[in-house]
Structure formats: C-alpha cells, structure tokens
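Visitor: Please pick one part and take me through it closely. I would like the cut-offs as you go.

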Amino acid sequence: MKTKEQHIQSLIPKKFNKIEIIWMSFLLLIIFAGFLAYVDQLINGLEVTNLNDYSLWGIYISNFVFFVATSFVGSATVAILRLTKNEWRTPLVRIAEIISLAAIAMAGITIVIDLGRPDRMLNTFIYARFQSPITWDVIIIPTYLVVSFLLLYFPLLPDLAIMKKYYEKSSPKLSKWYGKLSLNWTGNEAQKALLQKSVTIVAILILPLGLILQTIDAWLFSTTYRIGWKSTNFGPYFISGAFVAGIGALVVSIYFVRKMKNLEDYITDFHFDKLGKLMALACMIYLYFNVNEYLIPAYASTLNEETHLNTLFTGHYSTIFWFVTIGGLIIPIFLLMFKKGRKPLPMLLIGLLVVVASWWKRYIIVTPTLLHPYLPIQGVPESWREYFPSLHEWLITASNLATALLIFTLLIRYLPVVPIQRTIDEEALLTTDKKIES
Amino acid sequence: MENKNKNSRRKFLDKGLKLGLVTAIGGIGLSKLSCKPETESDTDTGEKMELMTTDGTIIQVDASEVMDVDHHTKEDHDNHDVREGIPNRKFVMVVDLAKCKNALACQSACNKHHYVTGDNAWIKVYKMQEAQDTAPYWMPVTCQHCDQPACVTVCPVDATFKRKDGLVLIDNTRCIGCRFCMAACPYSIRVFNWSEPDQGEITLNMDMDMNDPAHAAHEVHASPEHAGVPSVKGTVDKCDFCPHAIQNNELPHCVSACPNGVFYFGDKYEDTVTNGEETLRLSKLLEDKAGYRFMDELGTKPSVYYLPPTDRLVDFEDGLENYNEFQSVEKPE
C-alpha cells in the first residue's frame, strides 16, 4: 500500500523524456506542413483539393465526423460508467476527458477548413436560420466543448492544489500557475460539497449533450435526399459508431500513457479487461446498426439503392467496406471474447485496428453516396466520377489529427493523467472498510 | 407575519402583471382579426358586371366583387424587393422532350450570358435511357426552382432563398461555401466556384457600364437576379431563371437561343407559356401532352414541367454528334 506522498510522487506530471520530445517534434512537423497547405488553400481556394461538384464533401467532412465521434468517449466513460456505478473507471476518466476535449476542439476547426468562405464564418450567427442542421451544429459543438472542458476542469481542482504545493520550491513559476488555476482550493468541507455538486451536474449534462451532438452529426446527412444518407437509422447508427471510435481511441491512449508514464500500478490488466468487455459491447451494438443500415435494405432496394450497395459490397469501395466491417467490428468482437484478447498488448492492437477502421468508416459513409446522384454524371471532366483526396487534403487532415494529438500530449504533460486526490481518497476509503470488516 | 403579507402582495403583483400581458396580447390579436374583413367589402351593391374568363366565356359578377388587380407594370418589375420577387407573378418553364435534339444552343447561350467559366454548365442536356430496351432521349435540366426547395431548407445563413414569384436565387455575398445545398439538391444542378472564376470579360463589361452614363443608372452592381455577374470564389452558383432578362421583357437566354423551340417560359397565374414562336395555354399544353414534373415523387414541387418524348420531331441519333460526355463549358484554347 502506497502512502500519500508516494502516490503524489508517481502521479505528478513529469518533464518530457527523449521519446516524448521526438514525438512532439514529429507532430509539430506535420502540423507545420498542414499549415502551409492550408495557407495555399486559402489563397487558391478549394481548387487545391480533389473535391468537385459531385464529390462536394470529402476527407475534411469525414475527418470532422471522426473527431465528433471520438469526442463521445467523454460521455461514454464518464457519464455511462458513473451512472452504472463502475468504480474501475477512476484511473481512466481523465484520459477520456482529455481525448474528448481535444477531439471536439479539432472538430470545430476541421469544419471551418472545409468552408469555401471561412472569412464569412460569422454569418452562421448573424444570419442564423434555425431550420438548418448546420445551425444546430454551430450551437451544439461549442456547448459540448464548454461542458467537456468543465468536466475535465472541476475534478482537477484538488489535484491542481496538490501540484501547487508540490512545485512550490522546485518550480515557483509552475506552482504559481497551478495555484491560479486551482481557484484557491483548500479542500474544506464547503468546497468539497460545492465541487461534488458541480461535477454531478456536468457529468449528467454530458450524456444528453453527447447523444445530441452525435445525432445532429448524423442529421447533417440524413436531412438530404441522397441515397445512402437518407436513413431513419442514422441517429443511433452514429451514436453507436461514436461509442466504438471513442473507446478505441481510449484503449490506444491508455496503453501508451501507461507505458510512457510508468503507471502500471494504477492502470492494470484488470482495467484493460474491463475496457475490453466494454469495447466488445460497443462493437456488437454498432454491428447491429450496420446490419440495419446495409444488409436489410439490400432485400428491398430500389435501383439507385442497389447501385449504391453494390459499390460497397463488391464494387469500387468494397475493400474499405469489408476492412471496416470485418477488421473494425467482427474480428475485434471475436478476439475480445477471450480473456487473452483483453490483455494490454492484444488490446492495443485491437484498439489500433478499431481506430483506423473507424476513420475509414467515416470516409465510406461520406464519399460513395455523393458519387451516385439521381441524374447520371455527364458533361463534367472524367476525373469527377471518382474521388480520392489530394496531397493538400491529406496534409491538412494529417495536421488536424496531429494537432489533436498535440493537445492531448500537452495536457497529459501538465496535468496528472490519473486523478491524484481521488486515488488517495478511494484508497483511504478502502482501508477503513477493511478495518471495519476485520 | 409581515413576511407572509409581503409574499402575498408579490403574488398579487405577479399575477396581475401576467394577466395584463395576456389581455394585451389578446387585444392585439382581436384587433388584427377584426381588421381583416375590411379589405373585402361584403355589401352587395346589386350592380352586375360582365367579364370574360381566360377560356373565353362571358360571366356576370357583382361589381363589389371586382377589385383592381395590380397588373405587373414596368414599375413592379423595376422596384421589387430582390428577396420578395416580382409581385403577382409565378414563373414556370415547360420543356418539350419530343423536340430536343441536343443542339446545345441553350447551354452556349447560358454559359455566355452568365459568364460560366468552371467545368460544369448550369444547364445540361442529359443523355437519358431508363432501361436497356427503352428508347434513349435528350433531357435538358435547369434548376427546377422547386416550391419545396431542399437546398433552401438546409442553408444555414439564408444565402439561397425562395421568392414569391417562384424563383430560387443565391446571394453570393452571403454564402459561406458549406455546400450543404449542393448535397441536398436531388437534381445535381448546383455548381461551386472551386477557384477564382476567370471571368475576364465580365469585369471589363462592368467597368464599361460604370463609365457609360446611359448604363450608370441601371443596375450594374452584383445582384442575385443576375447570377454569375460576377461569380465569387468559394460560393455556390446555379441557374437563376434569368430575372434580369424578364425585367427587360425578354425570355431567359436558353429559351430564346433554342433553335427547336424546346423551352417554353411563362407565368402560371397568366396560364401562358411561350417559346418565342408560339404562345400556349399552360394548362392545356400540360393536359394535351401529358406534362409531368421531374422526380415529383420526392415532393420538391418543381416549377419546370416536362412533356414526354413521344411523337418525336427529331432523331435521337442526330444529337449524338454534339454529345460530349466530359465537357459542358467550352474552354478557350
């Protein structure tokens, strides 16, 4: 059993080591390349992309959907595990909240990158029309961003106070910052009661907000006449997909965080086992909605729907379609059935597979539909009949993903990834329980 | 005790205020209701008037029923609100598929007058064939100017809007370029300015108009009523049904350019359409030739009617000569 000081010692954020510095430089390099590509896009217009009047949305939008989906992990772990009283969530919630915050912030930025006139972005407020799903998005994304931030910030207060004290001598500057951010937390009863109340409110709020966010995201597509998008199944389909993407991202993150920060004592095989079961559940729910979305419509499809389904099942997009369906859902479900499959290393591999498949899943939700309009594609350059992102699009998208990882890396550099105060409190509770028992 | 008194006084004030508010709103509503019948006088004068209906029969009506209709005067055309439309008009188009042989004069005229410089024309003539055994035909498609426009519903900033005269137009000074309208349009008629439009000629013309005093008074600044003048990078463009031509008592460019009289343009309220050569009753034309609207089952309620390609006046094969699968806008060499 560790003492309080030992806990603080092992959980306090530490300076970047060599690998982390290399990782940061790598991210900054990608971000810089993407920045240059975006400046070029601003000057020359969206012409630098491979988008056209048929493939009018592409990788930017699918990446946006991916970010929105990933941001669901905050709602999923914090709210759902809290409501179901799963105590094992303690060392994982903060990482989930950090992923959520980084993802939703980047979702907001990605959608602006897709705009033809980012300079007129404020028109969405000035001339806002409430009937447009984009207006709903403009409302829900900042709301979710703020609540996600609060959900990260409120439980941090006691830890910030601990860090203020810890760094008082070794780094007065850092200590001052932590002190300011801790809002004079002393840990007295009144403060504790207030904190408890505030955390409860945001933790309850985040669940409906997360569900609304995912649903609105689905409605961006299902409010059109497009075959493959106009589906009443889309809301729950997106929610369950977000559940998968978010947990996948969480599994991969905790694996690396645990390794880099030597947190084996805190994030144990037990946690991976639990997360593995949760991920299997998420994949099964998503598989169910996939069956509803693709397999059952194949029975009674119109000619247009049939063309669309054929490109997915056997046509141009079949490789990606089967990769995301088998690789991203069926194989993970199968492997996660076994106890060995839920050990850290297999979980990392499954998690990576799930994340990559989740990203491509959004790509094949967005792209193929646009290539099958009601009218035949005629009178336009032959290249418009297909879509594959240009170098600019890849660079900008890579830099968006890198920025999300940069935000994540910086936050886990300066914040304790496992809640310190809470770990101490829970352990104290556990020991008193034991004393009472004996 | 005193506290309790205070509370009840507060409650009273609160209730009183609410009641007052309800009464005020109710009062305004009632006065509005009572205002309405005043415009239509219900006093029967007994004086009869003889009038001729659109189909030529003489009918008698009470003089009090007859009201002065604001017939579209030149003034109406000139001084209307761009977002409201030209008063008392409802523009429609009829496309006779039996006459189209893919001459593409409509497309060239449209490209020219709207300075279309991108890769995708605003009016396209599709080579259509429903099934392997059915006969192919040529089908010109413009913006359908739907009465239930899917594009307008999804626009987040009201940049694309529906007018009372039936037109769906775009304010490209407001468009944010999200392309949601393009995703929503089932007719794929919207085009995007992916790069800076290369409309060299038009900027020159606009400069000339500015210097010419005769033109200076006329509208030369950008207006949704003349799409493409100028086109703006990062915004959406499309067929506007040429309100700039209508105001000068001219037909849309595609209608007047067509050598085969495929396009009829007119006013639904007048029940009249013309292709420049013949003027017909809209209702009779649609009845005689079994007119229909394209993908009407979607519920978009288009303003464009099609006449099926029966009893063809032209050979489908003739059109193949002009058919270019990969190009709809001629590029300067």
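**A strand and its neighbours**

Guide: Gly266(B) stands opposite Val273(B) in β11(B). Residues are numbered from 1 along each chain as written, while chains are lettered from A and ligands numbered from 1 in the order written. The model is predicted: local features need pLDDT of at least 70, side-chain atom pairs count only at pLDDT 80 or more, and totals for chains, interfaces and linings use all residues.

Gly266(B) belongs to β10(B), residues 263-267. Strands here are DSSP runs of E, at least two residues, and helices are runs of H or I, at least four; both are numbered from the N terminus.

On one side, β10(B) pairs with β11(B), residues 272-274, in the antiparallel sense over three bridges. Pairing requires that DSSP finds at least two bridges between the strands. Four residues lie between β10(B) and β11(B) in their hairpin. There Asp271(B) takes a positive phi near 60°.

β10(B) has another partner. Strand β3(B), residues 91-96, runs antiparallel to β10(B), and five bridges join them. In that pairing, Asp267(B) of β10(B) faces Phe91(B) across the strands.

Next, burial. All five of the five residues of β10(B) are buried. The term means 20 or more other C-beta atoms within 10 Å of the residue's own; exposed means 12 or fewer, partly exposed is in between, and C-beta atoms are placed from the backbone. Both faces are covered. Phe263(B), Phe265(B) and Asp267(B) sit on one side. Tyr264(B) and Gly266(B) sit on the other.

Now chain A, for context. Chain A has 17 helices and zero strands. One of them is α15(A), residues 344-370, with 27 residues. α15(A) reaches 40 Å from first C-alpha to last, close to the 39 Å expected. That expected span is 1.5 Å times one less than the number of residues. α15(A) is mostly covered, with 20 of its 27 residues buried.

Over the whole of chain A, 46% of the 438 residues count as buried. The C-alpha trace spans about 75 × 50 × 45 Å along its principal axes. The radius of gyration of chain A is 23 Å, which agrees with the value near 22 Å for a compact globule of 438 residues. The radius is taken over C-alpha atoms, and the globule rule is 2.2 Å times the number of residues to the power 0.38. Among contacts in chain A between residues at least 6 apart in sequence, 82% join residues at least 24 apart. A contact has C-beta atoms, placed from the backbone, within 7 Å.

How values were computed
Two residues are in contact if their C-beta atoms, placed from the backbone, lie within 7 Å.
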